[in-house]
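Visitor: I should like to be guided through this structure by question and answer. May we begin once it is displayed?

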Amino acid sequence: MGGQQRTLTKQQQILQGGQMQTAFSYLGIKEFKKINKPKSKLKTTSRDLEIIYFILEMKFSNIHLIHQKFFSTTRFGLKSCSLDYTRQRLGELVRYGLIEKVDTFLKTGLYQTTQKGYFLLCNSNLQRPIPKPSFGVDIRTFDHDLKVSNIRVELEQYDKAINWISERSLCEDEKYRPLFTNEFRPDAIYTCTNGSKVAFELELSRKSKDRYKQKLNRYIQVLTSPTEDCRIFEKVHYVFKDLKLLEYVKSETQLYQPLFNFSLESEYLTKMENL
């Protein structure tokens, strides 16, 4: 009887103290509360910074392009065919708020750099102009922007282009900004392996003949300028979707043929267009 009374007294004390009885407290075993450890900081690598910058300057990107550009080779020097590690690393960057995943009715699974990612780049040692982050995808230029990214990765993968400066980065660069208005700014300027600089233009839709002539004349002025500082590239690389348009622009530059290079979009987008 005495033992039962003592047990009841203990239970009453627990209830009076406002504590919930558990199997551990009933048996007199001390409970250990789980302590939530503070979230550890992400250790960003140089590759992480390049990924964040690539997404920022190209407006947006997808897992296939990021895999091809940054994860196409394993640490053992073999070709990577799996997206698993790319997906895992992008997930970490999303989790820490450096990039975000956005969906549009045109395409799902796109990534954009966040404000936090932008400030991380600003505080890093990247010796490049850093464009402001863009929020949302402009459906009017979506197809053009995605294909510029596709062609860029293709050119870089085959060592035909290095040091790519996108249109958005050109807007932030004091060297290039005064030379081009928004209307005449190229889609990019890249460097060939021989060190020569090339202006890049992707033309998917037809424009008026006057518009083409004005832009071609502006390029010719830069290419033939007597002032060395104004000759910021040595050639213009045009990529066209339409063969007839290519032939027309080519005919307008006959006198300056060595300064222009023409090709069709289909030459580059054989593997990437359906991703």
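Visitor: How many of the 16 residues of helix 7 are buried?
Guide: This is a predicted model. A residue counts as buried when its relative accessible area is under 20%. Helix 7 is largely enclosed by the rest of the structure, because the number of its 16 residues that are buried is 13.

Visitor: How far apart are the end C-alpha atoms of helix 7?
Guide: The expected span follows from 1.5 Å a residue, which for the 16 residues of helix 7 gives 22 Å. The separation in the model agrees with this expectation: the end C-alpha atoms are apart by 23 Å.

Visitor: Which residue with a positive phi follows helix 7?
Guide: After helix 7 comes a residue whose phi is near 55°. That residue is Asp 159.

Visitor: Which strands stand at the edges of the open sheet?
Guide: The open sheet has five strands in the order 4-5-6-7-8, and the pairing is mixed. An edge strand has a single partner strand, so one side of it is left without a neighbour in the sheet. The strands in this position are strand 4 (162-166) and strand 8 (260-264).

Visitor: What is the bridge partner of Ile 189 in strand 6?
Guide: Strands of a sheet pair through backbone hydrogen bonds, either parallel or antiparallel. Strand 5 (residues 188-191) and strand 6 (residues 197-203) run antiparallel and are joined by four bridges. In strand 6, the partner of Ile 189 is Ala 199.

Visitor: What angle does the direction of helix 7 make with that of strand 6?
Guide: Helix 7 (residues 142-157) packs on the sheet, where it touches strand 4, strand 5, strand 6 and strand 7 (235-240). Its direction and that of strand 6 make an angle of about 140°.

Visitor: Are helix 9 and helix 10 roughly parallel or oblique to each other?
Guide: Two packed helices are described by the angle between their axes and the distance between the axes. For helix 9 (residues 209-223) and helix 10 (residues 243-252), the angle is about 50° and the axes are 11 Å apart. Angles under 35 degrees count as roughly parallel, and 65 to 115 as roughly perpendicular. Helix 9 and helix 10 are therefore oblique.

Visitor: Is Glu 183 buried or partly exposed?
Guide: Glu 183 lies in the loop between helix 8 (167-172) and strand 5, and among the residues it touches is Gln 214. Buried would require a relative accessible area under 20%, and exposed one over 50%. The value for Glu 183 is 41%, so Glu 183 is partly exposed.

Note on methods:
Residues numbered from 1 in each chain as written. Predicted model: local features only at pLDDT ≥ 70, side-chain atom pairs only at ≥ 80, totals over all residues. Heavy atoms only, no water. Pairing = 2+ DSSP bridges. Helix = DSSP H or I, 4+ residues; strand = E, 2+ residues; numbered from the N terminus. Contact = heavy atoms within 4.5 Å. Axes fitted to C-alpha atoms, helices over the stretch in contact; angles between N-to-C directions. Expected span 1.5 Å × (residues − 1). Buried < 20%, exposed > 50% of the residue type's maximum accessible area, 1.4 Å probe, protein only. Parallel < 35°, antiparallel > 145°, perpendicular 65-115°, else oblique. Lists of a residue's contacts leave out its neighbours within four places in sequence.
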